[in-house]
Amino acid sequence: MQNLFIERYWLFLSLLSLACARPQYIAPLKGVQTGPYHIYNCGTRTPSVSVLINTLIDTLQPVLDDVSRPFSSPAYTTFFKNIAFAPIVYDLLSNITTGAPTSPGPHALKDAPPELFGAPITPQFVCVTAYEQLTWSLEPGGQGGRQLDAYTACHQSPVHAFAIVGTRFLKNYIVLCPAFWTYAAIPSSSKSTCLPVDPHFNRFREGGGRLVQFQLWVILHELAHAYIYARSGLVTDVSTANNCMWLAASSAVNNAQNFVFYAANIRLGCTDFPRVARPSFGSVELMEIDANTTLSGGSESQNVSMYGGQSIGNNLTRTNMDLPNIVT
């Protein structure tokens, strides 16, 4: 577990270095629109991405119905606790189904000057299949010097997908890496795949990877990151089912994986959940927690969130103060 954490931490730092640079080159990409979203550079896989997007939009409709109720369902209570946060959950999921445009500049800046940050834009899906399709320069001002490549980032660990949000230089991209296609596309809808609960320890019996490691949930995870950042400026990765369950409500609404577990459980009609109450024993994982391992980004003006199979079991949170300049 320690080696897994170290690997994840270095992956995080590597992508953080990508985040603090201006994109120097973006190869011409051919785009196809599906619903509110554009898909670029996916070639023969474009129809597959279209199916995923349409399936996700359809899948979220009963989730929106669930969160609209005047009382909390067991799934909502498990992953978001307090019904007072239901409007935040609803708005984020609704934004995903409609592809609501967000400013590519600093979060929560509704009137960001277009000449600095560009007009608000719907997140865009980009398949990275080779080098020099999406690259950054680390030099001051983002010009010349050493180039870092999104395709290289994809092959660290490997990463299945990542979101690039909150920058005035690069639009809101959801990058689909080659490893993304190693996951199955759409999970079974059988209730038998719900996570089992250990009533003695008041927790799920497993981390939840087998429930959520599907292409459908990966794109929900990354879109959730994009819209969470637009609202709060946070990029958070708390990933196991138990850790997500014990997040305080104020942290849960800023954690992408809580939305994934919530939607996955509603889709399956799961009814068996641990009791949402602070346990009497002192295990950190079983306590109600705030998102931990916080890294302050100083004057970062761009964030990268990552989703890889190795992410299950580690928690990462970054809080950023956005400035109009790029800090390398």
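Tyr-76 and Tyr-262 are both buried. In this predicted model, the two tyrosines belong to a cluster that ring pairs build from Tyr-76, Phe-80, Phe-259 and Tyr-262. Tyr-76 also appears in the lining of the second largest cavity. Confidence varies along the chain, from a mean of 26 in strand E12 to 98 in helix H2.

**Aromatic pairs around Tyr-76**

- Across the whole structure, the search returns 10 aromatic pairs.
- One of them joins Tyr-76 to Phe-80 in a tilted arrangement, with 5.5 Å from centre to centre and 35° between the planes.
- Why are Tyr-76 and Phe-80 separated by about one helical turn? The two residues are four apart in helix H3, which spans residues 74-80, and this spacing accounts for the turn between them.
- Phe-80 is buried, as is Tyr-76.
- Tyr-76 also pairs with Tyr-262: the ring centres are 5.9 Å apart and the planes meet at 80°, an angle over 60 degrees, so the pair is edge-to-face.
- Because Tyr-76 sits in helix H3 and Tyr-262 in helix H11 (residues 256-268), their pair ties together parts that are 186 residues apart in sequence.

**Cavities**

- The structure contains two cavities of 30 Å³ or more.
- The second largest cavity holds about 30 Å³ of space.
- Which residues line the second largest cavity? The lining consists of Asp-66, Val-67, Arg-69, Phe-71, Ser-72, Ser-73, Tyr-76, Ile-83 and Ala-86.
- By residue class, the lining of this cavity comprises five nonpolar, two polar and two charged residues.
- Tyr-76 therefore has a place both in this lining and in the aromatic cluster, as a nonpolar residue under the classification used.

**Confidence of the model**

- The mean pLDDT of the protein is 75, and 64% of the residues score at least 70.
- Where is confidence highest, and where lowest? Helix H2 (residues 46-67) has the highest mean, at 98, whereas strand E12 (residues 294-296) has the lowest, at 26.
- Over residues 1-25, pLDDT stays under 50, and the model has 71 contacts beyond four places in sequence for this stretch.
- Residues 278-328 likewise stay under 50 in pLDDT, and the model has 190 contacts beyond four places in sequence for them.

Technical notes
Residues numbered from 1 in each chain as written. Predicted model: local features only at pLDDT ≥ 70, side-chain atom pairs only at ≥ 80, totals over all residues. Heavy atoms only, no water. Phe/Tyr/Trp six-rings, centres within 6.5 Å; stacked < 30°, edge-to-face > 60°. Buried < 20%, exposed > 50% of the residue type's maximum accessible area, 1.4 Å probe, protein only. pLDDT = per-residue confidence, 0-100. Contact = heavy atoms within 4.5 Å. 1 Å grid on protein atoms, 1.4 Å probe; cavity = no way out; pocket = protein on both sides within 12 Å on 5 of 7 lines; lining within 4 Å. Points joined across faces, edges and corners; volume = space filled by probe spheres on them.
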